[in-house]
Amino acid sequence: MTTSKKRKQPVSGAGTEKGSLLKPVLLVCLAALLQVLAFPRAGLWILAWVQAIPFWYAISRAGTKKAFLLGWLYGALISIGVSYWVFYALYVYSNAGFIVSLLFLLVVNGALIGIFWALYGATANRVLRLCPSPFIRAVGLAGLWVVMEYGRANLLGGMPWCLLGHSQYRVPQLIQVADIAGVYGLSFLIIFTSYTLYSACTCLPDKRMCGRRVLPALVAVLAVVVYGSIRLGQYAPNPQESAAGSPATVAVIQGSTAQDEKWEKKNTDDIMSRHLRMTEEALAKGARLIIWPETTIPFYLQDKMPEGLLNLLRTYDAGLITGGFRYSGTKNNYTFYNSAFYVDGNGIRAYHDKLHLLPFGEFFPLGFIDVLKLRYAAPRQYTAGTAYTLFDTAAGTCGSLICFEVIYPRLAREFVNRGADFLVNISNDSWFGPTSAHYQHFAIAVFRCVETRRPLARAANTGISGFIDVSGRIVSQQPPFTEGIRLYRLPVEKRTTFYCLYGDLFALLCFPLCIILWICPRLLDPEKA
């Protein structure tokens, strides 16, 4: 009598293969390239929907360890490709030196951030190998991607820069779902759809089976587009002409001061006169709230208030929001803050200290890295603020997001929950030179408007300055490295959103799903049911 054991069959082409690493490495490089090209400045957003297919093909034929390493390479290449401008900022403007700048890009932005994708590669490999249902695999891979992005946004200081959903910022019908699920909902939809396409390809030439596997994604995308179209119809396409407009026109000023000129004392008078000239022009055109970029004033505003500025604000009965440094304490024991000030004709009326500081830029998480610290001009160690300070302006109550704070949805959400009628983002992106960082930064800001249904006014030193309405439409923008004024009558919107009430609930719900799939990938097998 003989017995035989039934061998497990690989799922949808999944299995382990021994041999050369060249093919999977090339596939991973292709996937990373496609994702990088999906983001600004290339902005080929449609590539986001297929970029992961070569990656899944590569890891589905690998063991867990190999999938981990391939995921690490995948993430490192994406992070380096998207944020290559870090090297420019360090090497050109921070004088960190070529070696230090390159190592920072490769080690911190590449290898360290790549760990999140490495973990995704290992867990996705398990789902691909052991989960029998194509639909559940698609849900699981999308959920794992959201968990990976959420971890990247909140761990190790958090850097939610260019999450996959951000690539769709110019597709208004798709991004409206962010007022429910945030940008993570869109990332989930993209990965879910992408895997169904990959799964359908494995069924060729069986067209009927291909159709069955693609159908859930088509239904999901259609539902999101219908929802987005309905939401877009609820807001005027030209809100500046709406009868529900705010009582005051807002102007953003882009002075376009080069980073290497900004802190030269000999340029202080020229910088101030340029901004005062542009401010007077904007006031003459009807603006009653002026917004200057982050650190526009190259001195401490609490010590010296330009009389010419006060005279303009008094003459036109207007207000100004500007960025600048602030200090507290006594000599040899100062505490420094990166702040936003609200000024009227009588002087400083309120200030807001930056809440989320930039690692290595505004504080040094590893104090021994003096090789960077000593090359920066003082002060380099800032202290984070602790309060969400709202400014009461002629255009309404606003919350101020300073520089990179606009990439953190929780900050915008908290300002709106505390009563902000609109959001302001002041920034100094001149550090990044002629790179794609300006376009990426502006693209991410679009999602804060959709999530909270609040308009945003953005003033950046070298751009991109402009206005975004409550549906994420870019109403007006000033090109980078150009001097200009943009005016807009902000609409008043008081309604709240599901996202404002419950935050990243959708992303958090992906965690138990992923735990279930990891512990028991066959639990949801329809054949067993």
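This is a short talk on helix packing, empty space and unusual backbone spots in one structure.

Morning, everyone. One caution before I start. What you see is a predicted model. Please keep that in mind throughout.

Let's begin with helix H17, residues 505-519. I'll take two of its partners in turn. The first is helix H6, which covers residues 134-154. The axes of H6 and H17 lie 8 Å apart, and the packing angle is about 125°. So are these two parallel, perpendicular or oblique to each other? Angles over 145 degrees would count as roughly antiparallel, and 65 to 115 as roughly perpendicular. At about 125°, the pair is therefore oblique. The crossing of H6 past H17 is left-handed.

Who makes the contact? On the H6 side, find Ile136, Val139, Gly140, Gly143, Leu144, Val146, Val147 and Tyr150. On the H17 side, find Phe506, Ala507, Leu508, Cys510, Phe511, Leu513, Cys514 and Leu517. Sort the H6 and H17 contact residues by class and you get 14 nonpolar and 2 polar. Charged residues are absent from that contact.

Now the second partner, helix H8, residues 178-201. Its axis comes within 7 Å of the H17 axis. The two cross at roughly 55°. That angle makes H8 oblique to H17 as well. H8 brings Ala181, Tyr184, Gly185 and Phe188. H17 answers with Phe506, Ala507 and Cys510. By class, this contact holds 6 nonpolar residues, 1 polar and no charged.

Look back at Phe506, Ala507 and Cys510 of H17. They meet H8, and they are also listed in the contact with H6.

Next, empty space. Rolling a probe the size of a water molecule over the atoms shows where space is left. Start with the second largest pocket. It holds about 300 Å³ of space. Its lining has 14 residues. Which of them sit closest to the centre? They are Phe116, Leu119, Tyr120, Val147 and Met148. Val147 should sound familiar, since it is one of the H6 residues in contact with H17.

Where does the lining come from? Helix H5 (98-130), H6 and H17 each give at least two residues to the lining of this pocket. By class, that lining has 12 nonpolar and 2 polar residues, with no charged ones.

Then there is the closed space. How many cavities of 30 Å³ or more are there? The count is 1. The largest cavity has a volume of about 40 Å³. Lining it are Met159, Lys354, His356, Leu357, Leu358, Pro359, Phe404, Glu405 and Tyr408. The classes here are 6 nonpolar, 1 polar and 2 charged. The charged residues are Lys354 and Glu405.

On to another helix pair. Helix H1 spans residues 22-38, and helix H2 spans residues 53-60. Their axes come within 7 Å and cross at roughly 155°. H1 and H2 are therefore roughly antiparallel. H1 passes H2 in a left-handed crossing. From H1, the contact uses Lys23, Pro24, Leu27, Val28, Leu30 and Ala31. From H2, it uses Pro54, Phe55, Tyr57 and Ala58. That gives 9 nonpolar residues, no polar and 1 charged.

Stay with H1 and H2 a moment. The loop between them holds Arg41. The peptide bond that joins Pro40 and Arg41 is cis, with omega about 15°.

There is another cis bond to point out. It runs from Gly463 to Ile464, and omega is near 5°. Ile464 is in the loop between strand S9 (456-460) and strand S10 (465-468).

Last stop, Ser256. Is its phi positive or negative? Positive, at about 55°, although Ser256 is not a glycine. You will find Ser256 in the loop between strand S1 (245-254) and helix H10 (259-262).

To recap: H17 is oblique to H6 and to H8, while H1 and H2 run roughly antiparallel. Thanks, I'll take comments now.

How values were computed
Residues numbered from 1 in each chain as written. Predicted model: local features only at pLDDT ≥ 70, side-chain atom pairs only at ≥ 80, totals over all residues. Heavy atoms only, no water. Axes fitted to C-alpha atoms, helices over the stretch in contact; angles between N-to-C directions. Helix = DSSP H or I, 4+ residues; strand = E, 2+ residues; numbered from the N terminus. Parallel < 35°, antiparallel > 145°, perpendicular 65-115°, else oblique. Left-handed = near helix turned anticlockwise from the far one by under 90°. Contact = heavy atoms within 4.5 Å. 1 Å grid on protein atoms, 1.4 Å probe; cavity = no way out; pocket = protein on both sides within 12 Å on 5 of 7 lines; lining within 4 Å. Points joined across faces, edges and corners; volume = space filled by probe spheres on them.
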